[in-house]
Amino acid sequence: MSTSTSKTTRRRLLQHTAAVGGATAALTVPGVGAAVARDGRGAANPADFGAVTVGPNDPRYPELTHGTNQRWVGRPDHIRLVSSAEQVVEAVQRAVRDGKRVAVRSGGHCYEDFVNNSEVQVVIDMSEMAEITYDAGRRAFAVEPGAMLSEVYDKLYKVWGVTIPGGSCPSVGAGGHIVGGGYGALSRKFGLTVDHLYGVEVVVVDGSGTARRVVATQDSADPELRELWWAHTGGGGGNFGVITKYWLRSPGATGDDPSRLLPRPPAELLVSTVSWPWEGLTKQGFQRLLTNYATWFERNSAPDSPQLGLFSQLKPFHRSAGSILMVTQIDATRPAAERELADFIAYVADGVGVPAQASKPQRLPWLHGTKWPGFAGGDPTLRFEDKSAYMRKAFPKSQLDAIHRQLTRTDYANSAALMIIAGYGGRINAVPSTATAVPQRDSILKLQYLAFWNDPAEDDKHVGWVRDFYQDVYAESGGVPVPGRVTDGCFINYADKEMADPRWNKSGVPWHSLYYKGNYPRLRRAKATWDPGNVFRHGLSIEGAGRTD
């Protein structure tokens, strides 16, 4: 997801890979038989294995107690690797029976300690449930939660010529990505991933403590099942149960031809890397760069904009990194793609005061382009801190001043500290704010405030810088991006527990309003219905209706 102009910096920033090692079919646990999962057509999956339990004395334990963010290391009683929904039911039931705190992991990319937490006693590892099939009965594609996005893109495209508008980090697991909303380089053109979510299979626990699996779709006749489907269109992971399968089909898609039931990506992409040196860049030039970039998206993010095939990230690194980077892709099948890309770069660079250093754009087949390091990444050795925000308008002067101030601080130096400003809007904004659990449906940009490092002894320094950066930018709204004319809260897939901490959120606006806005009461009702015992919980989990916030 992160990169820079130099190979060394890029290696330090590409932080996202799956942290979970695989188990083999030969691994079994005494007394636990191999359950057989079936895809939507009823065919047995030959890769199934008996559920595997890994405890603290197992050499695999260290691998399975780390996620992508090396700040978080768990000490659960055991990890349960599963290969079927039946095994998930058994694992959940056993944890409930024994009174064990349970958490779920698919790709290991949770930004917070929701899985690798000292209070978690059992981790259900979904990484080996990674099947991607077509379910003819439901006319939808079935994706298991352990499938990495790279695998999803590869299978959907090679077999059926379709895709989902998911994230650009190839090692993210579908399990947590989709339920949190899911966006990426094709979202301006095709919407969020959850805009194509037809249904879910979920293992839930009822009021008697009994685990069972249910299927909830947007067509469910039972209104409570339909609400369970809706809650998974952006409600975030670890809230309602264990997702064992997603079904994906675009709204309004008709017929039985799988190649017409999800979006078809462009056959080719043009990809571009442009940088500006900090050396010689004045404050005015820096602010002109950010204003140009934001203004372009403000003018080109309507649902019917002709520029929805263009996606970009502007990455202002801390001054100690030496440069600011912009990476862009555009649909190369458009007749004027090269000119449109050149016009975009010229618009952003206008009046900046230092020359842009641009490489020649590359033309790549679409699937190959999903692995382009401009957006993709994968270094599992790093520690990081991340905060997020949605933007409805271009940056006001007070925010521009704060951004420049923090990125040019002389008491802090880290070439892997930056801000990511990602293009947003387009078809995302064609969906009503209550149609899915994702309420932010009129934004133009999505922001991340980031720092990466290796040494645990430097945690306070780097976390402190990200915190200072965020507090400074949103000083006028209590240190957080309160929904309003310019900002529109935070993204739950970039979870940040400090949004629920009054030391850092002084706005008076509760954390759930930053993430879910007016959709939170509906999510609470779904939580009360489907997880009445609050079995599935974490530092930002949804409270059931009637519970205390």
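The exercises below, each with a worked solution, concern the side-chain pairs, cavities and backbone angles of a predicted model.

Residues are numbered from 1 along each chain as its sequence is written, and side-chain values use heavy atoms, with hydrogens and water left out. Because the model is predicted, local features need pLDDT of at least 70 and side-chain atom pairs count only at pLDDT 80 or more, whereas totals for chains, interfaces and linings use all residues.

**Exercise 1. Classify the ring pair of Phe 141 and Trp 160, and say where each residue lies.**

Solution. A pair of aromatic rings is described by the distance of the centres and the angle of the planes. Rings of Phe, Tyr and Trp (its six-membered ring) pair if their centres lie within 6.5 Å, and planes under 30 degrees apart count as stacked, over 60 as edge-to-face and the rest as tilted. A search of the whole structure with this criterion gives 31 aromatic pairs. For Phe 141 and Trp 160 the centres are 5.0 Å apart and the planes stand at 65°, so the pair is edge-to-face. The next step is to place the residues, for which helices (H or I, at least four residues) and strands (E, at least two) are DSSP runs numbered from the N terminus. Phe 141 belongs to strand β6 (residues 140-143) and Trp 160 to helix α4 (residues 149-160), so that the pair links distant parts of the chain, 19 residues apart. Finally, Phe 141 and Trp 160 are both buried, where buried means under 20% relative accessible area, exposed over 50% and partly exposed in between (1.4 Å probe, protein chains only).

**Exercise 2. Repeat the classification for Tyr 390 and Phe 491, then find the cluster that holds them.**

Solution. The ring centres of Tyr 390 and Phe 491 are 6.4 Å apart and the planes are at 80°, so this pair is edge-to-face. Tyr 390 lies in strand β15 (residues 383-391) and Phe 491 in the loop between α12 (459-473) and α13 (511-515), 101 residues apart. Tyr 390 and Phe 491 are buried. Ring pairs link both of them into a cluster with Tyr 111, Tyr 183, Phe 384, Tyr 424, Phe 452 and Tyr 494. One ring of this cluster, Tyr 183, also has a charge over its face, since Lys 446 lies there at 3.9 Å from the ring centre; the criterion is that NZ of Lys or CZ of Arg is within 6 Å of the ring centre and within 35 degrees of the ring normal. Lys 387 lies over the face of Tyr 470 at 5.5 Å from the ring centre.

**Exercise 3. Which parts of the chain do the salt bridges of Arg 101 and Asp 125 tie together?**

Solution. Side chains of opposite charge can pair when their charged atoms come close. A salt bridge is a side-chain nitrogen of Lys or Arg within 4 Å of a carboxyl oxygen of Asp or Glu, and the structure holds 37 of them. In the bridge of Arg 101 with Glu 119, the closest N and O atoms are 2.8 Å apart. Arg 101 lies in the loop between α3 (85-97) and β3 (102-105) and Glu 119 in the loop between β3 and β4 (122-125), so parts 18 residues apart in sequence are tied together. Arg 101 is buried, at a relative accessible area of 13%. In the bridge of Asp 125 with Arg 105, the closest N and O atoms are 3.2 Å apart. Since Asp 125 is in strand β4 and Arg 105 in strand β3, this pair ties together parts that are 20 residues apart in sequence, and both residues are buried.

**Exercise 4. Are Asp 501 and Arg 503 buried or exposed?**

Solution. Their side chains meet in a salt bridge at 2.7 Å, N to O. Asp 501 is buried, with a relative accessible area of 16%, whereas Arg 503 is exposed at 54%. Elsewhere, salt bridges that share partners join Arg 71, Glu 385, Lys 387, Arg 467, Asp 496 and Glu 498 into one network.

**Exercise 5. What is notable about the phi of Arg 139 and of Lys 517?**

Solution. Most residues other than glycine have a negative phi, and most peptide bonds are trans. Arg 139, in the loop between β5 (132-135) and β6, has a positive phi of about 50° although it is not a glycine. Lys 517 likewise has a positive phi of about 50°; Lys 517 is in the loop between α13 and α14 (520-530) and counts as partly exposed at 21% relative accessibility.
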